[in-house]
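Please examine the sequence and the structure shown below. The report that accompanies them is intended for a reader who is new to protein structure.

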Amino acid sequence: MFGFRKRRKRALVLGMDGVPEPLVRRLAEEGVMPFMGELLRRGTLHRMRSALPEVSNVNWSSFMCGANPGQHGIFGFTDLRPGSYAMTFPSFPDLATDTLWDALGAAGKRCLVINQPGCYPVRSIPGAVVSGFVAVDLKRAVSPQAHLAPLQRMAYKIDVDTRLCRDDADALFRELDACLAARKAAAEYFLPLESWDFAEVIITGTDRLQHFLWTSCAGAGPERERALAYYARCDALCRELTEMFYGKDEPEGLFMLSDHGFTAVEKEFNLNAWLRDEGYLSFEKEPPESYADISGVSVAFAMDPGRIYLHREGRYPKGGVEDDGVLGEIREKLEALEYGGERVFQRVWLRDEIYSGEQTPKGPDLVCTPRRGIDVKGAIKRREQFTDTHFTGMHTWDDAFFWSAERHDDLTISDLRRIVCDYLT
């Protein structure tokens, strides 16, 4: 008798940073993203919740670790060094848990990761990795180092230069297309090198486009046609990557996701300005240059995007707060705060309501989730509570997307590692 060898399982993860589920569905149904339209007919497009706060390094960490911030230890793009007011930028070495690729490597799987945010500076994985933002030096963004020279020869581009794009749509689209071309070139280089068990490619230009031109992405702005054409190019790249990875085989094990959603910005809300006006925060120097200028009588301070920390005795050099008694008062005031006749915040969360794990005590005491249209900031120099912004789009936490062939219920981004590992192992 002749036996049939079971086809080896392989998984491909494609990410589009910041693209909300309603936009994916609309663009697929309208034919702007025909590959996505085909996937909608073959599987399930899920609306997924992000980790809080709804920023990329927190959420891509939650994806790759399969854990909430209380476990992996990344709570924002910035933090303060323990026992000080010195600013630090949490990075890949700061993760307190293993990653998806570590787990797959332990099971004998080979992994390829291209443009995953939060992987800088890179460390060795069971395969190859090219970090996404925030990565300032390509030499420290690539592992193994043998792949550095080929990437340099192709003039690999890590991210959009946002300094060029603030008031120049032409520059923005040039940057977006250059980054998209870099993802394709890297995939064409890496994919033929091995028969990878797992591959991942993340497109981050979608987030940049939406911050600058969300109105056009939503269908009403002056750059609508160019924005839609960019989504079409992203969709086409996703098709090409799928065909590169699977060849003539059916794309079993394909997954697609975003790390958070998006919506239009109405106003920025400066949380430290509010804390100052309410008497919870003061500085020894005006204007303050850094958190080191905080006064010893301060009760609380905020960090981007909506994290409030009590100025605790023992945690901070000048801290004097001994217990959590004031948290309820701050939370109640913020949840009652209104702008334009509507509440500013959907909810203000206590730390233990959203985090669990050994890293939880390092996290913020409160996390503020704003209503749509209010973008919360932690700048320490601004004195006005509500200000305008040059951005037209902001992150949301409750409408990220996840596509898979199978249906899953009540998803958060930290669930996805388990789904991918269950498929492969």
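The report begins with the chain as a whole and then turns to two groups of strands and one residue.

**The chain as a whole**

The model is predicted. Its chain has 13 helices and 21 strands. A compact globule of 425 residues would have a radius of gyration near 22 Å, and the chain agrees with this because its own value is 22 Å. The C-alpha trace spans about 80 × 50 × 45 Å along its principal axes.

Of the 425 residues, 58% count as buried. The accessible surface amounts to about 17,800 Å², and carbon and sulfur atoms contribute 49% of that surface. Among contacts in the chain with a separation of 6 or more, 69% are between residues 24 or more positions apart. The chain carries 53 positive and 64 negative charges, and the mean positions of these two sets lie 5 Å apart.

**Strand pairing**

Strands of a sheet pair through backbone hydrogen bonds, and the pairing may be parallel or antiparallel. Two pairs of strands in this model are set out in the table.

| Strands | Sense | Bridges | One pair of bridge partners |
|---|---|---|---|
| β2 (residues 44–48) and β21 (residues 400–404) | antiparallel | five bridges | methionine 48 and alanine 400 |
| β11 (residues 267–270) and β18 (374–377) | parallel | four bridges | phenylalanine 269 and valine 376 |

Strand β11 belongs to an open sheet of three strands, in the order β18-β11-β19, with mixed pairing. The edge strands of this sheet are β18 (374–377) and β19 (386–387), each of which pairs on one side only.

Strand β2 is largely enclosed by the rest of the structure, because four of its five residues are buried.

**Glutamate 21**

Helix α1 covers residues 21–29 and includes glutamate 21. Is glutamate 21 buried or exposed? The relative accessible area of glutamate 21 is 8%. A residue counts as buried under 20%, so glutamate 21, at 8%, is buried.

Which residues does glutamate 21 touch, not counting those up to four places away in sequence? They are Leu45, His46, Arg47, Asp399, Ala400 and Phe401. Leu45, His46 and Arg47 fall within the range of strand β2, residues 44–48. Ala400 and Phe401 fall within the range of strand β21, residues 400–404. Glutamate 21 of helix α1 therefore touches residues of both β2 and β21, two strands that pair with each other in the antiparallel sense.

Key:
Residues numbered from 1 in each chain as written. Predicted model: local features only at pLDDT ≥ 70, side-chain atom pairs only at ≥ 80, totals over all residues. Heavy atoms only, no water. Buried < 20%, exposed > 50% of the residue type's maximum accessible area, 1.4 Å probe, protein only. Contact = heavy atoms within 4.5 Å. Pairing = 2+ DSSP bridges. Rg over C-alpha atoms; globule rule 2.2 N^0.38 Å. Areas by Shrake-Rupley, 256 points an atom, 1.4 Å probe, with all protein chains shown as cover. Lys, Arg positive; Asp, Glu negative; His and termini not counted. Charge placed at Lys NZ, Arg CZ, Asp CG, Glu CD.
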